[in-house]
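Work through the exercises below with the coordinates open. Each solution goes step by step.

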Amino acid sequence: MKRNKVAALLISAIAILIFTVSAFAGTEDILNRWSKTRHFESDLGSELDITVTYYSSEYIEALVQNEAEKNLWTADEAENYKYELLKGLQLDEYVPVHIEFDNKGSAMHMAPFDRQIVIWIGNKKFTPVDYDKRFNFKLLGKRDGLVYFPRFDEKSGKSLLEKAKRVKVSLSGGISSTMDGIATVDFLWDVDNDDPEKLFKGKAAAQLEMDRLIKRIEKLSGEKSVLEAQLAEIQAELDKINLRIEELRKE
């Protein structure tokens, strides 16, 4: 009887281990799918690795799950991590990509960096709205940071990704002598099945919405104060005019 219980416990433990390893391997596959690396070498022995990560909903969910498993987080801790991640990425306003350089060659000079990188969404090209300004400094060794591209059309306000099937990030080959003769370096992803709205559910999404609403209240309150001050000025002028009219009538 005891042997049967021990055997049952052992089988359960093995099953849990297999499930955990499989789940971890699954998240690793997803992370690798959305994070792409290109390797370059020159005849003089210089080497350069460029890694670009596109933050799809699938990638972010896998990243949160991966970190939670590694750190043995509770559900609340995982949600807090997701909240901080989404907040930093500003996914509700921009299309962020993460760029990492590992330069084992001559110094790279990429300033101004926003002229060295573009994103193609469908057949339309867009330049960065903002980026990590450290990319403007001479680069030897490793450096990484975020680049933010527009998410919405300036005129219509519609999402640029709404019907997009493919996204491509292109870097100028002129940023490094290791890529001599290469015009552009491209990183492509199929995004037709990506659904960013999935990210804006749950506790992390509710906290992000709360942050946005608070910012909106602060903005409207500021506008209200300005309008109230203008209204007070107008009312003071009206009172002054009416007083003068009354004075003129008595003369």
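**Exercise 1.** Give the strand order of the open sheet of four strands, and state how the strands pair.

*Solution.* The model is predicted. Read across the sheet: the order is S5-S4-S8-S9. The pairing is antiparallel. Next, take the edges. Strand S5 (124-126) and strand S9 (184-190) stand there. Each has a single partner strand, so one side of each lacks a neighbour in the sheet. Last, the twist: neighbouring strands are turned by 20° against each other on average, with direction ignored.

**Exercise 2.** Describe the pairing of strand S4 with strand S8.

*Solution.* Locate the strands: S4 covers residues 117-121, and S8 covers residues 166-172. Count the bridges: there are five, in the antiparallel sense. Then fix the register with one pair: Ile117 stands opposite Leu171 in S8.

**Exercise 3.** Classify the packing of helix H2 against helix H3, and find the residues that meet.

*Solution.* Start with the geometry. H2 spans residues 57-71 and H3 spans residues 75-89. Their axes are 10 Å apart, at an angle of about 140°. Roughly antiparallel requires an angle over 145 degrees. H2 and H3 are therefore oblique to each other. Now the handedness: H2 passes H3 in a right-handed crossing.

Turn to the contact, counted for heavy atoms within 4.5 Å. H2 supplies Ile60, Glu61, Leu63, Val64, Glu67 and Ala68. H3 answers with Ala78, Tyr81, Lys82, Leu85, Leu86 and Leu89. Finally, sort this contact by class: nine residues are nonpolar, three are charged and none is polar.

Notes:
Residues are numbered from 1 along each chain as its sequence is written. This is a predicted model: local features need pLDDT of at least 70, side-chain atom pairs count only at pLDDT 80 or more; totals for chains, interfaces and linings use all residues. Side-chain values use heavy atoms; hydrogens and water are left out. Axes are lines fitted to C-alpha atoms, for helices over the stretch in contact, and angles run from 0 to 180 degrees between N-to-C directions. Helices (H or I, at least four residues) and strands (E, at least two) are DSSP runs, numbered from the N terminus. Angles under 35 degrees count as roughly parallel, over 145 as roughly antiparallel, 65 to 115 as roughly perpendicular and the rest as oblique. A crossing is left-handed if the near helix is turned anticlockwise from the far one by less than a right angle, and right-handed if clockwise. Ala, Val, Leu, Ile, Met, Phe, Trp, Tyr, Cys and Pro count as nonpolar, Asp, Glu, Lys and Arg as charged, and the others, Gly among them, as polar. Two strands pair if DSSP finds at least two bridges between them.
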